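Okay, thanks everyone for squeezing in. I'll put the structure up, and then we'll go through the parts I'd like you to look at.

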Amino acid sequence: RDAAAVTIEEDKSLPTAERTKIFKLRDFIGKRVKVYGWCHTVRRQATLAFLILRDGTGFVQAILSGRLTQTLNAINLKDESTVCVYGTIVEDERAAHMGIELQADYWELMGESPGLPINQDANVDTQLDERHLVHRGQKASAHMKVRSIVTQCFRDHFFSKHYHEVCPPTLVQTQVEGGSTLFQLKFFDEDAFLTQSSQLYLETMLPSLGDVFCIAQSYRAEKSLTQRHLAEYTHIEAERAFIDFEDLLQTVEELIADVTQRVFDKCGDLIRLCNPEADKILEVVTKNRPFKRMTYAECIKFCNEHNIYKDPKTEEHFKHGDDITDAPERQMLQIIGVPVLMIKFPLEMKAFYAKKCADDLELTETVDVLVPGVGEIIGSSMRVDNYQELLEGFEREGIDPKSYYWYIDQRKFGTTSHGGYGLGLERYLMWLLKLPSVKQACLYPRLMYRCKP
Ligand code: 4AD
(Lines give C-alpha, C1' and ligand atoms only; values in the text may rest on other atoms or scores of the structure.)
Protein backbone atom coordinates (compact mmCIF):
# COMPACT_ATOMS: atom_id res chain seq x y z
CA ARG A 1 0.00 0.00 0.00
CA ASP A 2 1.20 3.55 -0.77
CA ALA A 3 2.01 4.90 2.68
CA ALA A 4 1.56 8.52 1.64
CA ALA A 5 -2.02 7.72 0.77
CA VAL A 6 -2.90 6.46 4.27
CA THR A 7 -4.45 9.18 6.36
CA ILE A 8 -6.05 8.85 9.75
CA GLU A 9 -8.75 10.82 11.55
CA GLU A 10 -10.03 10.84 15.07
CA ASP A 11 -13.29 8.90 15.43
CA LYS A 12 -15.62 11.58 16.82
CA SER A 13 -18.12 8.99 17.99
CA LEU A 14 -15.66 7.86 20.71
CA PRO A 15 -15.92 9.40 24.21
CA THR A 16 -14.01 12.69 24.55
CA ALA A 17 -10.38 12.00 25.46
CA GLU A 18 -9.30 13.67 28.72
CA ARG A 19 -5.90 15.34 28.54
CA THR A 20 -3.63 14.09 31.31
CA LYS A 21 0.00 13.83 32.37
CA ILE A 22 1.58 10.39 32.36
CA PHE A 23 2.03 10.01 36.12
CA LYS A 24 -1.75 10.21 36.56
CA LEU A 25 -2.64 7.58 33.98
CA ARG A 26 -3.43 4.81 36.44
CA ASP A 27 -6.47 6.84 37.48
CA PHE A 28 -7.83 6.41 33.94
CA ILE A 29 -7.94 2.63 33.53
CA GLY A 30 -10.69 1.81 31.01
CA LYS A 31 -11.03 5.48 30.04
CA ARG A 32 -10.07 7.41 26.93
CA VAL A 33 -7.19 9.88 27.34
CA LYS A 34 -5.02 12.22 25.34
CA VAL A 35 -1.30 12.22 26.20
CA TYR A 36 1.37 14.59 24.93
CA GLY A 37 4.97 13.46 25.08
CA TRP A 38 8.30 12.68 23.50
CA CYS A 39 8.92 9.25 21.97
CA HIS A 40 11.58 7.92 24.31
CA THR A 41 11.85 4.89 22.04
CA VAL A 42 10.03 3.71 18.92
CA ARG A 43 9.92 -0.01 18.14
CA ARG A 44 8.02 -1.67 15.31
CA GLN A 45 6.81 -5.25 15.03
CA ALA A 46 4.69 -6.40 12.07
CA THR A 47 1.61 -4.15 12.04
CA LEU A 48 2.27 -2.74 15.50
CA ALA A 49 4.36 0.17 16.75
CA PHE A 50 5.37 0.46 20.40
CA LEU A 51 6.12 3.98 21.61
CA ILE A 52 7.54 4.57 25.05
CA LEU A 53 6.21 8.06 25.77
CA ARG A 54 7.90 10.46 28.17
CA ASP A 55 6.55 13.74 29.48
CA GLY A 56 8.82 14.42 32.46
CA THR A 57 6.29 13.00 34.92
CA GLY A 58 6.81 9.40 33.84
CA PHE A 59 6.91 6.83 31.06
CA VAL A 60 4.12 4.83 29.45
CA GLN A 61 3.97 2.46 26.52
CA ALA A 62 1.56 3.47 23.76
CA ILE A 63 0.60 0.82 21.22
CA LEU A 64 -0.31 1.85 17.69
CA SER A 65 -1.90 -0.71 15.41
CA GLY A 66 -3.40 -1.10 11.93
CA ARG A 67 -3.75 2.11 9.91
CA LEU A 68 -2.18 4.14 12.73
CA THR A 69 1.16 2.56 11.83
CA GLN A 70 0.82 3.04 8.08
CA THR A 71 0.87 6.82 7.64
CA LEU A 72 3.98 8.52 6.35
CA ASN A 73 4.48 10.06 9.79
CA ALA A 74 4.27 6.62 11.40
CA ILE A 75 6.73 5.08 9.00
CA ASN A 76 9.22 7.91 9.53
CA LEU A 77 8.66 8.21 13.27
CA LYS A 78 11.93 8.21 15.24
CA ASP A 79 13.04 8.60 18.83
CA GLU A 80 12.52 12.05 20.38
CA SER A 81 9.68 13.07 18.07
CA THR A 82 6.85 14.78 19.92
CA VAL A 83 3.41 13.26 19.61
CA CYS A 84 -0.09 13.44 20.98
CA VAL A 85 -1.63 10.01 21.43
CA TYR A 86 -5.36 9.39 21.96
CA GLY A 87 -6.56 6.07 23.30
CA THR A 88 -7.73 3.90 26.15
CA ILE A 89 -5.74 2.95 29.23
CA VAL A 90 -5.66 -0.80 29.77
CA GLU A 91 -4.26 -2.59 32.76
CA ASP A 92 -1.59 -5.21 32.05
CA GLU A 93 0.57 -6.36 34.91
CA ARG A 94 3.35 -7.30 32.47
CA ALA A 95 3.62 -3.72 31.25
CA ALA A 96 6.97 -2.24 32.30
CA HIS A 97 5.60 1.17 33.16
CA MET A 98 2.97 1.46 35.90
CA GLY A 99 1.35 -1.86 34.86
CA ILE A 100 -0.69 -0.10 32.17
CA GLU A 101 -0.61 0.58 28.44
CA LEU A 102 -2.16 3.14 26.20
CA GLN A 103 -4.05 1.44 23.34
CA ALA A 104 -4.07 4.18 20.74
CA ASP A 105 -7.05 4.89 18.51
CA TYR A 106 -5.58 8.05 16.99
CA TRP A 107 -2.34 10.03 17.14
CA GLU A 108 -0.79 13.20 15.81
CA LEU A 109 2.82 14.11 15.14
CA MET A 110 3.73 17.42 16.78
CA GLY A 111 7.45 17.68 15.94
CA GLU A 112 9.62 15.26 14.04
CA SER A 113 13.11 14.20 15.11
CA PRO A 114 15.97 12.43 13.37
CA GLY A 115 16.56 10.25 16.46
CA LEU A 116 19.05 10.85 19.25
CA PRO A 117 22.64 11.30 18.00
CA ILE A 118 24.23 10.57 21.38
CA ASN A 119 24.53 7.51 23.56
CA GLN A 120 25.74 6.79 27.07
CA ASP A 121 29.04 5.38 25.82
CA ALA A 122 30.11 8.66 24.18
CA ASN A 123 33.22 10.21 25.76
CA VAL A 124 32.85 12.73 28.56
CA ASP A 125 33.53 15.79 26.40
CA THR A 126 30.97 14.79 23.79
CA GLN A 127 28.46 14.11 26.54
CA LEU A 128 29.06 17.60 27.92
CA ASP A 129 28.83 19.23 24.47
CA GLU A 130 25.54 17.43 23.92
CA ARG A 131 24.29 17.80 27.47
CA HIS A 132 21.05 19.37 26.22
CA LEU A 133 20.29 16.03 24.56
CA VAL A 134 21.87 13.84 27.25
CA HIS A 135 19.27 15.27 29.67
CA ARG A 136 16.64 13.35 27.74
CA GLY A 137 18.15 10.04 28.82
CA GLN A 138 16.62 8.14 31.72
CA LYS A 139 19.74 8.36 33.88
CA ALA A 140 20.41 12.07 33.40
CA SER A 141 16.79 12.99 33.90
CA ALA A 142 16.66 10.87 37.06
CA HIS A 143 19.65 12.85 38.39
CA MET A 144 17.89 16.13 37.68
CA LYS A 145 14.66 14.92 39.25
CA VAL A 146 16.47 13.92 42.42
CA ARG A 147 18.24 17.27 42.37
CA SER A 148 14.91 19.08 42.23
CA ILE A 149 13.55 17.05 45.14
CA VAL A 150 16.74 17.46 47.17
CA THR A 151 16.51 21.24 46.77
CA GLN A 152 12.95 21.11 47.99
CA CYS A 153 13.99 18.98 50.99
CA PHE A 154 16.67 21.47 51.99
CA ARG A 155 14.03 24.20 51.91
CA ASP A 156 11.62 22.01 53.90
CA HIS A 157 14.35 21.38 56.45
CA PHE A 158 15.02 25.10 56.91
CA PHE A 159 11.38 26.15 57.02
CA SER A 160 10.60 23.39 59.54
CA LYS A 161 13.22 25.01 61.77
CA HIS A 162 11.89 28.55 61.24
CA TYR A 163 14.68 29.91 59.07
CA HIS A 164 13.86 32.64 56.57
CA GLU A 165 15.07 32.41 52.99
CA VAL A 166 16.90 35.34 51.40
CA CYS A 167 18.30 35.98 47.91
CA PRO A 168 21.65 37.77 48.19
CA PRO A 169 23.29 39.37 45.15
CA THR A 170 25.89 37.36 43.25
CA LEU A 171 27.61 40.45 41.79
CA VAL A 172 29.79 41.68 44.64
CA GLN A 173 32.78 43.83 45.52
CA THR A 174 34.09 41.77 48.40
CA GLN A 175 35.82 38.41 48.64
CA VAL A 176 34.94 35.67 51.12
CA GLU A 177 37.22 32.74 50.40
CA GLY A 178 40.52 34.24 49.23
CA GLY A 179 41.57 36.08 46.10
CA SER A 180 42.91 33.13 44.13
CA THR A 181 39.50 31.81 43.04
CA LEU A 182 37.76 35.12 42.30
CA PHE A 183 36.17 35.78 38.92
CA GLN A 184 36.69 39.44 38.27
CA LEU A 185 34.55 41.54 35.97
CA LYS A 186 33.70 45.13 35.13
CA PHE A 187 30.53 46.37 36.76
CA PHE A 188 29.98 49.51 34.68
CA ASP A 189 33.10 51.53 35.60
CA GLU A 190 33.91 49.65 38.79
CA ASP A 191 35.67 46.38 39.53
CA ALA A 192 33.43 43.62 40.80
CA PHE A 193 33.44 39.86 41.32
CA LEU A 194 31.13 36.92 41.00
CA THR A 195 30.41 35.86 44.55
CA GLN A 196 32.28 32.96 46.15
CA SER A 197 29.77 32.67 48.97
CA SER A 198 26.73 34.54 50.26
CA GLN A 199 27.86 34.07 53.85
CA LEU A 200 28.64 37.72 54.59
CA TYR A 201 25.20 38.85 53.40
CA LEU A 202 23.51 36.11 55.41
CA GLU A 203 25.32 37.37 58.50
CA THR A 204 23.90 40.86 57.95
CA MET A 205 20.37 39.45 57.98
CA LEU A 206 20.60 37.77 61.39
CA PRO A 207 19.54 40.93 63.28
CA SER A 208 16.63 41.35 60.90
CA LEU A 209 15.28 37.85 60.34
CA GLY A 210 17.03 35.58 62.84
CA ASP A 211 18.28 32.32 61.34
CA VAL A 212 18.52 32.60 57.57
CA PHE A 213 19.44 30.50 54.57
CA CYS A 214 19.88 30.89 50.84
CA ILE A 215 20.21 28.63 47.83
CA ALA A 216 22.27 30.61 45.38
CA GLN A 217 24.96 30.21 42.76
CA SER A 218 28.57 30.63 43.90
CA TYR A 219 31.57 30.98 41.63
CA ARG A 220 35.14 29.78 41.93
CA ALA A 221 37.82 30.34 39.34
CA GLU A 222 39.21 26.87 40.10
CA LYS A 223 42.21 26.26 37.92
CA SER A 224 42.06 22.54 38.51
CA LEU A 225 40.06 19.79 36.89
CA THR A 226 38.95 17.44 39.64
CA GLN A 227 35.83 15.36 40.00
CA ARG A 228 34.41 17.71 42.62
CA HIS A 229 35.28 21.23 41.46
CA LEU A 230 33.01 23.42 39.39
CA ALA A 231 33.48 27.04 38.37
CA GLU A 232 29.82 27.68 39.18
CA TYR A 233 27.88 25.68 41.73
CA THR A 234 24.74 25.80 43.80
CA HIS A 235 25.62 26.80 47.31
CA ILE A 236 23.23 26.07 50.15
CA GLU A 237 24.22 28.36 52.97
CA ALA A 238 22.76 29.09 56.39
CA GLU A 239 23.60 31.28 59.32
CA ARG A 240 22.49 31.05 62.94
CA ALA A 241 22.65 33.59 65.74
CA PHE A 242 23.24 33.00 69.46
CA ILE A 243 24.88 29.61 69.01
CA ASP A 244 28.22 28.17 70.12
CA PHE A 245 30.60 25.79 68.35
CA GLU A 246 28.92 22.67 69.76
CA ASP A 247 25.53 23.95 68.50
CA LEU A 248 27.10 24.48 65.08
CA LEU A 249 28.46 20.93 64.94
CA GLN A 250 25.06 19.56 65.83
CA THR A 251 23.43 21.84 63.27
CA VAL A 252 25.45 20.52 60.33
CA GLU A 253 24.98 16.95 61.49
CA GLU A 254 21.23 17.42 61.84
CA LEU A 255 21.10 19.05 58.41
CA ILE A 256 22.65 16.02 56.71
CA ALA A 257 20.61 13.48 58.66
CA ASP A 258 17.27 15.28 58.33
CA VAL A 259 17.59 16.25 54.67
CA THR A 260 18.75 12.76 53.68
CA GLN A 261 15.80 11.21 55.51
CA ARG A 262 13.41 13.64 53.81
CA VAL A 263 14.87 12.88 50.39
CA PHE A 264 14.50 9.13 50.88
CA ASP A 265 10.92 9.62 52.09
CA LYS A 266 10.11 11.52 48.90
CA CYS A 267 12.03 9.59 46.26
CA GLY A 268 13.83 6.62 47.81
CA ASP A 269 13.08 4.38 44.81
CA LEU A 270 14.51 6.87 42.34
CA ILE A 271 17.65 7.22 44.46
CA ARG A 272 18.06 3.44 44.67
CA LEU A 273 17.69 3.25 40.91
CA CYS A 274 20.62 5.66 40.52
CA ASN A 275 22.63 4.22 43.39
CA PRO A 276 21.77 0.67 44.47
CA GLU A 277 23.88 1.17 47.62
CA ALA A 278 22.08 4.33 48.68
CA ASP A 279 20.39 2.75 51.71
CA LYS A 280 23.80 2.47 53.37
CA ILE A 281 24.06 6.27 53.23
CA LEU A 282 20.66 6.71 54.84
CA GLU A 283 21.56 4.23 57.53
CA VAL A 284 24.91 5.78 58.32
CA VAL A 285 23.58 9.34 58.62
CA THR A 286 20.48 8.50 60.63
CA LYS A 287 21.78 5.69 62.85
CA ASN A 288 25.49 6.46 63.31
CA ARG A 289 25.00 9.61 65.31
CA PRO A 290 26.78 11.57 66.60
CA PHE A 291 29.02 11.67 63.50
CA LYS A 292 32.67 10.82 63.97
CA ARG A 293 34.71 13.90 64.90
CA MET A 294 38.39 14.33 64.15
CA THR A 295 40.49 17.42 64.64
CA TYR A 296 42.54 18.70 61.73
CA ALA A 297 45.66 17.58 63.65
CA GLU A 298 44.25 14.07 64.05
CA CYS A 299 43.50 13.94 60.32
CA ILE A 300 47.08 14.90 59.47
CA LYS A 301 48.29 12.17 61.82
CA PHE A 302 45.83 9.69 60.31
CA CYS A 303 47.11 10.39 56.79
CA ASN A 304 50.71 10.02 57.84
CA GLU A 305 49.97 6.74 59.62
CA HIS A 306 48.09 5.30 56.65
CA ASN A 307 50.55 6.14 53.86
CA ILE A 308 48.30 8.82 52.46
CA TYR A 309 50.74 11.28 50.98
CA LYS A 310 50.64 14.96 50.27
CA ASP A 311 52.34 14.09 47.01
CA PRO A 312 52.17 10.41 46.06
CA LYS A 313 55.00 10.84 43.55
CA THR A 314 57.53 11.93 46.15
CA GLU A 315 55.73 10.18 49.03
CA GLU A 316 55.97 13.46 50.91
CA HIS A 317 54.13 13.36 54.23
CA PHE A 318 51.71 16.03 55.43
CA LYS A 319 52.81 18.55 57.98
CA HIS A 320 50.79 20.88 60.18
CA GLY A 321 49.33 23.72 58.07
CA ASP A 322 49.07 21.69 54.85
CA ASP A 323 45.78 21.54 53.04
CA ILE A 324 44.49 17.98 52.76
CA THR A 325 43.41 18.22 49.14
CA ASP A 326 40.96 16.32 46.99
CA ALA A 327 42.66 12.94 46.49
CA PRO A 328 44.15 12.40 49.97
CA GLU A 329 40.89 13.52 51.57
CA ARG A 330 38.98 10.88 49.63
CA GLN A 331 41.61 8.23 50.45
CA MET A 332 41.20 9.07 54.12
CA LEU A 333 37.41 8.78 53.92
CA GLN A 334 37.61 5.52 52.04
CA ILE A 335 39.44 4.00 54.98
CA ILE A 336 37.21 5.58 57.62
CA GLY A 337 34.05 4.70 55.68
CA VAL A 338 31.64 7.05 57.49
CA PRO A 339 31.03 10.83 57.44
CA VAL A 340 33.53 12.80 59.47
CA LEU A 341 33.32 16.22 61.08
CA MET A 342 36.85 17.53 60.64
CA ILE A 343 37.23 20.31 63.20
CA LYS A 344 39.59 22.99 64.48
CA PHE A 345 41.67 24.03 61.49
CA PRO A 346 44.77 26.18 62.09
CA LEU A 347 44.08 29.91 61.93
CA GLU A 348 46.56 30.36 59.08
CA MET A 349 44.44 28.11 56.84
CA LYS A 350 41.17 29.93 57.33
CA ALA A 351 39.59 33.15 56.11
CA PHE A 352 39.43 36.45 58.01
CA TYR A 353 36.02 35.68 59.52
CA ALA A 354 36.89 32.39 61.31
CA LYS A 355 36.64 32.56 65.09
CA LYS A 356 39.59 31.43 67.21
CA CYS A 357 39.24 28.63 69.75
CA ALA A 358 39.17 30.10 73.25
CA ASP A 359 41.63 27.47 74.54
CA ASP A 360 44.08 27.68 71.64
CA LEU A 361 44.34 30.92 69.69
CA GLU A 362 46.23 29.18 66.87
CA LEU A 363 43.16 27.07 66.08
CA THR A 364 39.70 28.02 64.86
CA GLU A 365 36.13 26.97 65.56
CA THR A 366 35.77 25.52 62.08
CA VAL A 367 34.36 22.29 60.70
CA ASP A 368 34.34 20.58 57.32
CA VAL A 369 31.93 17.73 56.77
CA LEU A 370 33.63 14.96 54.81
CA VAL A 371 31.86 11.99 53.26
CA PRO A 372 33.13 8.81 51.59
CA GLY A 373 33.53 9.02 47.82
CA VAL A 374 33.56 12.82 47.70
CA GLY A 375 35.43 14.34 50.63
CA GLU A 376 34.33 17.79 51.77
CA ILE A 377 30.67 18.65 51.20
CA ILE A 378 30.29 21.35 53.88
CA GLY A 379 32.58 24.15 54.98
CA SER A 380 31.53 25.81 58.21
CA SER A 381 32.69 28.00 61.06
CA MET A 382 31.83 30.18 63.98
CA ARG A 383 32.43 33.79 62.95
CA VAL A 384 34.60 36.40 64.63
CA ASP A 385 32.10 38.48 66.59
CA ASN A 386 34.51 40.99 68.11
CA TYR A 387 35.05 44.26 66.22
CA GLN A 388 38.78 44.57 66.93
CA GLU A 389 39.46 40.93 66.19
CA LEU A 390 37.66 41.23 62.88
CA LEU A 391 39.86 44.14 61.84
CA GLU A 392 42.88 42.04 62.80
CA GLY A 393 41.51 39.25 60.58
CA PHE A 394 41.37 41.59 57.59
CA GLU A 395 44.90 42.75 58.32
CA ARG A 396 46.19 39.19 58.64
CA GLU A 397 44.71 38.34 55.24
CA GLY A 398 45.90 41.57 53.62
CA ILE A 399 42.35 42.70 52.84
CA ASP A 400 41.42 46.38 52.76
CA PRO A 401 38.38 46.56 55.08
CA LYS A 402 36.95 49.64 53.34
CA SER A 403 34.51 47.82 51.11
CA TYR A 404 33.42 45.65 54.05
CA TYR A 405 31.96 48.58 56.04
CA TRP A 406 28.48 47.00 56.01
CA TYR A 407 29.89 43.71 57.29
CA ILE A 408 31.99 45.35 59.99
CA ASP A 409 28.94 47.32 61.16
CA GLN A 410 27.42 44.04 62.36
CA ARG A 411 30.07 43.97 65.09
CA LYS A 412 29.19 47.53 66.17
CA PHE A 413 25.42 47.30 66.19
CA GLY A 414 24.65 44.48 68.60
CA THR A 415 27.13 41.72 67.93
CA THR A 416 26.47 38.10 68.86
CA SER A 417 28.14 34.74 68.81
CA HIS A 418 27.05 33.19 65.51
CA GLY A 419 28.04 30.68 62.90
CA GLY A 420 27.01 29.06 59.67
CA TYR A 421 27.93 26.82 56.83
CA GLY A 422 27.91 26.29 53.09
CA LEU A 423 27.09 23.01 51.37
CA GLY A 424 27.78 22.33 47.71
CA LEU A 425 24.58 20.86 46.32
CA GLU A 426 26.37 19.05 43.50
CA ARG A 427 28.77 17.42 45.96
CA TYR A 428 25.89 16.26 48.13
CA LEU A 429 24.27 14.72 45.03
CA MET A 430 27.54 13.14 43.94
CA TRP A 431 27.62 11.36 47.29
CA LEU A 432 23.94 10.40 47.45
CA LEU A 433 23.76 9.12 43.87
CA LYS A 434 27.33 7.78 43.74
CA LEU A 435 28.06 9.87 40.64
CA PRO A 436 31.50 9.76 39.06
CA SER A 437 31.75 13.55 39.39
CA VAL A 438 29.85 16.73 40.24
CA LYS A 439 29.32 17.31 36.51
CA GLN A 440 26.52 14.74 36.41
CA ALA A 441 24.77 16.60 39.24
CA CYS A 442 24.82 19.86 37.32
CA LEU A 443 22.42 21.13 34.68
CA TYR A 444 25.11 22.65 32.46
CA PRO A 445 28.45 22.41 34.27
CA ARG A 446 30.83 25.33 34.17
CA LEU A 447 34.43 24.14 34.39
CA MET A 448 37.84 25.34 33.40
CA TYR A 449 37.62 25.55 29.58
CA ARG A 450 33.86 24.95 29.51
CA CYS A 451 31.19 27.61 29.43
CA LYS A 452 28.77 25.89 27.03
CA PRO A 453 26.11 24.88 26.28
O1 4AD B 1 34.40 25.57 52.17
P2 4AD B 1 33.84 26.70 51.37
O3 4AD B 1 34.76 27.47 50.52
O4 4AD B 1 33.11 27.63 52.42
C5 4AD B 1 32.50 28.80 52.12
O6 4AD B 1 32.34 29.29 51.03
C7 4AD B 1 31.84 29.42 53.33
N8 4AD B 1 31.83 30.85 53.15
C9 4AD B 1 30.45 28.85 53.44
C10 4AD B 1 29.71 29.38 54.65
O11 4AD B 1 30.17 29.17 55.75
N12 4AD B 1 28.57 29.97 54.43
O13 4AD B 1 32.67 26.15 50.45
C14 4AD B 1 31.57 25.52 51.03
C15 4AD B 1 31.17 24.31 50.22
C16 4AD B 1 32.24 23.22 50.13
O17 4AD B 1 32.22 22.40 51.25
C18 4AD B 1 31.83 22.50 48.88
O19 4AD B 1 30.77 21.59 49.13
C20 4AD B 1 31.28 23.61 48.02
O21 4AD B 1 30.94 24.69 48.87
N22 4AD B 1 32.28 24.05 47.06
C23 4AD B 1 32.31 23.68 45.78
N24 4AD B 1 31.52 22.86 45.08
C25 4AD B 1 31.81 22.67 43.77
N26 4AD B 1 32.83 23.28 43.14
C27 4AD B 1 33.65 24.11 43.81
N28 4AD B 1 34.65 24.72 43.16
C29 4AD B 1 33.42 24.35 45.19
N30 4AD B 1 34.01 25.11 46.13
C31 4AD B 1 33.32 24.91 47.26
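**Domains, ligand shell and a few odd backbones**

So, the domain assignment splits the protein into domain 1, residues 3-111, and domain 2, residues 124-441. Their C-alpha centres sit 46 Å apart. Keep in mind this is a predicted model. The mean pLDDT of the protein is 96, with 99% of residues reaching 70 or more, and for the complex the predictor gives an ipTM of 1.00 and a pTM of 0.96.

On to the ligand. Which residues come nearest to the ligand? Out of 25 around it, those are Ser197, Gln199, Gly379, Gly422 and Gly424. If you want to find the shell by secondary structure, look at β12 (232-241), β18 (375-382), β19 (418-424) and α12 (425-433), since each of them supplies at least two shell residues. As for character, the shell has eight nonpolar, ten polar and seven charged residues.

Next, a little sheet. There's an open, three-stranded one with antiparallel pairing, in the order β8-β10-β9. The edges are β8 (171-172) and β9 (183-187), each with a single partner strand, so each has one side with no neighbour in the sheet. Between β9 and β10, which covers residues 190-194, you can count five bridges, and the two strands run antiparallel. If you'd like one pair to click on, Gln184 has Phe193 in β10 as its bridge partner.

Now the backbone oddities. Just as background, most peptide bonds are trans, and most residues other than glycine have a negative phi.

Where are the cis bonds? One joins Arg289 and Pro290, with omega about -5 degrees; Pro290 is in the loop between α7 (278-287) and β13 (292-295). Another joins Lys452 and Pro453, omega about -10 degrees, and Pro453 belongs to the segment after α12.

Then positive phi. Glu80, not a glycine, has a phi of about 75 degrees, and you'll find Glu80 in the loop between α1 (72-76) and β5 (82-91). Phe242 isn't a glycine either, and its phi is about 55 degrees; Phe242 lies in the loop between β12 and α6 (245-274).

How exposed is Phe242? Phe242 has 11 C-beta neighbours inside 10 Å, so it counts as exposed. Glu80 has 19 other C-beta atoms within 10 Å, and buried starts at 20, so Glu80 is partly exposed.

That's my tour, so over to you.

Methods:
Residues numbered from 1 in each chain as written. Predicted model: local features only at pLDDT ≥ 70, side-chain atom pairs only at ≥ 80, totals over all residues. pLDDT = per-residue confidence, 0-100. Pairing = 2+ DSSP bridges. Helix = DSSP H or I, 4+ residues; strand = E, 2+ residues; numbered from the N terminus. Domains from an automatic or database assignment. Near = placed C-beta within 6 Å. Nonpolar A, V, L, I, M, F, W, Y, C, P; charged D, E, K, R; others polar. Buried ≥ 20, exposed ≤ 12 C-beta atoms within 10 Å, placed from the backbone.
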